[in-house]
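The following note is offered to a colleague who meets this structure for the first time. It is arranged as numbered points, each of which may be read beside the sequence and the model.

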Amino acid sequence: MTATSLSTTTRDEHGARQNEHASSCPGPDTGSAAGIQLTDISLSYRQGSQAVHVLDRIGLSLAPDEFVCLLGPSGCGKSTLLSIIAGYVQPSGGSVRIDGKHHTKPTPQVGVVFQHANLFPWLSVAGNVEFGLRMAGIGRKERRRIASFYIGLVGLEASAARLPHQLSGGMKQRAALARTLATEPRIVLMDEPFSALDALTRESMQLHVRRIWQQTRRCFFLITHDVDEALLLGRRIIVMHPNPGTIVQDIRNPLFQDTDAPSFSILRASKDFADLRQHLVSMIAGSGSNSR
Amino acid sequence: MPHPNAQPAEPVRTDLRNGLYLIVSAVSVGLALLIWWMASRNEWVNPLFLPSPPDVWSAFMTIATEGYKGTSLLAHIGASMQRIAVALILVLLTAVPLGILCGRIRLLRAIFDPFIEFYRPLPPLAYYSLLVLWFGIEDTSKIVLLYLGGFAPMFIAAVYSARRIPPDRIQGARSLGASRWRLYLYVILPSCLPDLLTGLRTAVGVTYATLVAAEMIAAVSGIGWMVLDASKYLRSDIIYAAIIIMGIIAILIDAGIRNLIQRVSPWAEH
């Protein structure tokens, strides 16, 4: 009797302490607002006797309808940061929260578009787009309806029945985007999604993604090392430096136009674009000379 | 012979060339038959070693119509095929799941690998007598022998296929909500399928090669037993006929699996 009541008390105490911890943790900067909060994300590992710091206390707050471009030289830890947000890698310190809830493992709430389309080769475009819905236990009819909406959104209606190996690089990437969007994630992570495409396809994909963002208004988080891409797409641009990976700049992109048909060519020709581009390029280049 | 399913860059010319090579293959086989026929007709070789093609043909017709030792030819083939089929089904049911799990989980691999690596290179005949001791002289020991022969190549193919799934694919699937058994059923298994079928091809080959050995002890049916029994009576015409039947069956099975691979995984390179 005594033992049971004792153990219950401890458990209650423990639970209370956990609750207390949870309510105190969000802190002044995160609050309980909707969106994605990264708090003091650090990642380091030991290599022999040396500690390697990949990420150092990254803090970010992303609005639910943000378009963020994360810019940085290769090796600055931006892909690692994406893996942590996706839940593939556990940080050594800090936390990821979505609408105030801890996010520690991959879920459909956080969609990922990879550098290579990464489609399931045995499924048609429609089958790929339906995959996440099938995992969620959604019935066939409803699955079809939702999938055809997103296939239409990325303009692949004519290729819905094709297998991935019958698609071009740009089409594959669009199918991958539709597959990710179909589960209605809170945030869509994209890891240099256009870097494997040729220049013309890349530009049309950028326009596509811009338009899809405007139609869906989800949080898009795009990693790139291409300054032009960040300036054309990002409403917010974040610059990272390596060794260890830290955020050195977090700006609202003054060139961002929330219009239906932004003209990339006119934008590119403007003086503001050239100036801002120069500024960002020198920031990234600066990180290289500092580190080594 | 060129691969019949190779993706042609220039369809017309490649088709033409494929046809040409097919004709060359046919001529080559025809020539071999001609030499065989001439060698036996002119008695260059003792007819006991090399019966003439007509002799083999008539032996074939006899066993095809009258059967061999009281059992029809189809029943002999059926008995052998049944042993192989049962063994292969057991192989698929055990080696595939175990191999995939071992490919995914390092600890399991560490547990099973030493045993597989140990018994894999053993000639099946080395332990056949033990199997007879354990499982009796009836069909069970034969099936176990074929099973053990086919298990190793299938297991190794399954481990290999599971290990070479791109990590991105697994992570992407998890981000789409596939967890635990769904991940295995909907992502890992289909990813492995092309390699598994290639493994099945190898397993069929090994099982088939072991078949004659399996039917050597205390069998009264089977195409392999037929060869051994005929050799006791020096009926080389029946031996040749049976060997040719075995060869043709093997080619048909292999073609069937190759066709299946093409249909199941048209994106993979084979």
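1. Pro244(A) is placed in the loop between β9 (236-241) and β10 of chain A. The peptide bond that leads from Asn243(A) into Pro244(A) is cis, and its omega is near -15°. The model is a predicted one, and this cis bond should be read as a feature of that prediction.

2. Strand β10 of chain A, residues 246-252, also takes part in a link to a distant stretch of the sequence, for it contains Arg252(A). The side chain of Arg252(A) forms a salt bridge with that of Glu66(A), at 3.3 Å from N to O. Glu66(A) belongs to the loop between β2 and β3 (67-71) of chain A, so the pair ties together parts that are 186 residues apart in sequence. Over all chains, a search of the whole structure finds 21 salt bridges.

3. An open sheet in chain A deserves attention next. Its four strands stand in the order β2-β1-β4-β5, and their pairing is antiparallel. At the edges are β2 (50-62) and β5 (101-102) of chain A, each of which pairs on one side only.

4. Within this sheet, strand β1 of chain A, residues 36-47, is joined to β2(A) by nine bridges, and the two run antiparallel. Leu38(A) has Leu60(A) of β2(A) as its bridge partner. β1(A) and β2(A) make a hairpin with two residues between them. In the turn of that hairpin, Gly48(A) has a positive phi of about 65°.

5. β1(A) also pairs with β4(A), in the antiparallel sense and over five bridges. One position in this pairing is that of Thr39(A), which stands opposite Ser95(A) of β4(A). Strand β4 of chain A, residues 93-98, is in turn joined to β5(A) by two bridges, again antiparallel. There, Arg97(A) has His102(A) of β5(A) as its bridge partner.

6. Chain B is built from helices: there are 10 of them and zero strands. Along the sequence the pattern accordingly reads α-α-α-α-α-α-α-α-α-α. Taken along the principal axes, the box filled by the C-alpha atoms of chain B is roughly 75 × 60 × 30 Å.

7. A backbone detail of chain B may be checked in the model. Lys69(B) has a positive phi of about 50°, although this residue is not a glycine. Lys69(B) is found in the loop between α2 (53-66) and α3 (73-104) of chain B.

8. The UniProt record, an unreviewed entry, offers annotations for chain B. Under "domain: ABC transmembrane type-1" that entry lists residues 77-257 of chain B. In the model, this span is 85% helix and 0% strand, and its end C-alpha atoms lie 19 Å apart.

9. Under "transmembrane region", the unreviewed UniProt entry lists residues 20-39, 84-106, 118-137, 143-162, 206-228 and 240-261 of chain B. Two of these spans may serve as examples. Residues 20-39 of chain B are 100% helix and 0% strand, with end C-alpha atoms 28 Å apart. Residues 240-261 of chain B are likewise 100% helix and 0% strand, and their end C-alpha atoms lie 32 Å apart.

10. How many residues does each chain bring to the contact between chain A and chain B? On the side of chain A there are 21, and they are in contact with 17 residues of chain B. The two chains bury about 1800 Å² between them, and 67% of this lies on carbon and sulfur atoms. In chain A, the residues that lose the most area to chain B are Tyr88(A), Trp122(A) and Met135(A), which together account for 33% of what that side buries.

11. Which kinds of polar link cross this interface? The rule finds zero salt bridges between chain A and chain B. It does find five residue pairs in polar contact across the interface, both residues at pLDDT 80 or more.

12. The side of chain A that touches chain B can also be described by its elements. β6 (110-113), α4 (125-135) and α6 (169-182) of chain A each supply at least two of its residues. The largest share, four residues, comes from α4(A). By residue type, this side of chain A divides into 13 nonpolar, six polar and two charged residues.

How values were computed. Residues numbered from 1 in each chain as written. Chains lettered and ligands numbered in written order. Predicted model: local features only at pLDDT ≥ 70, side-chain atom pairs only at ≥ 80, totals over all residues. Heavy atoms only, no water. Contact = heavy atoms within 4.5 Å. Buried area = accessible area lost by both parts, 1.4 Å probe. Salt bridge = Lys/Arg side-chain N within 4 Å of Asp/Glu carboxyl O. Polar contact = N/O pair within 3.5 Å; in protein donor to acceptor, adjacent residues only side chain to side chain. Nonpolar A, V, L, I, M, F, W, Y, C, P; charged D, E, K, R; others polar. UniProt positions renumbered as here; feature names shortened; annotations may be inferred. Pairing = 2+ DSSP bridges.
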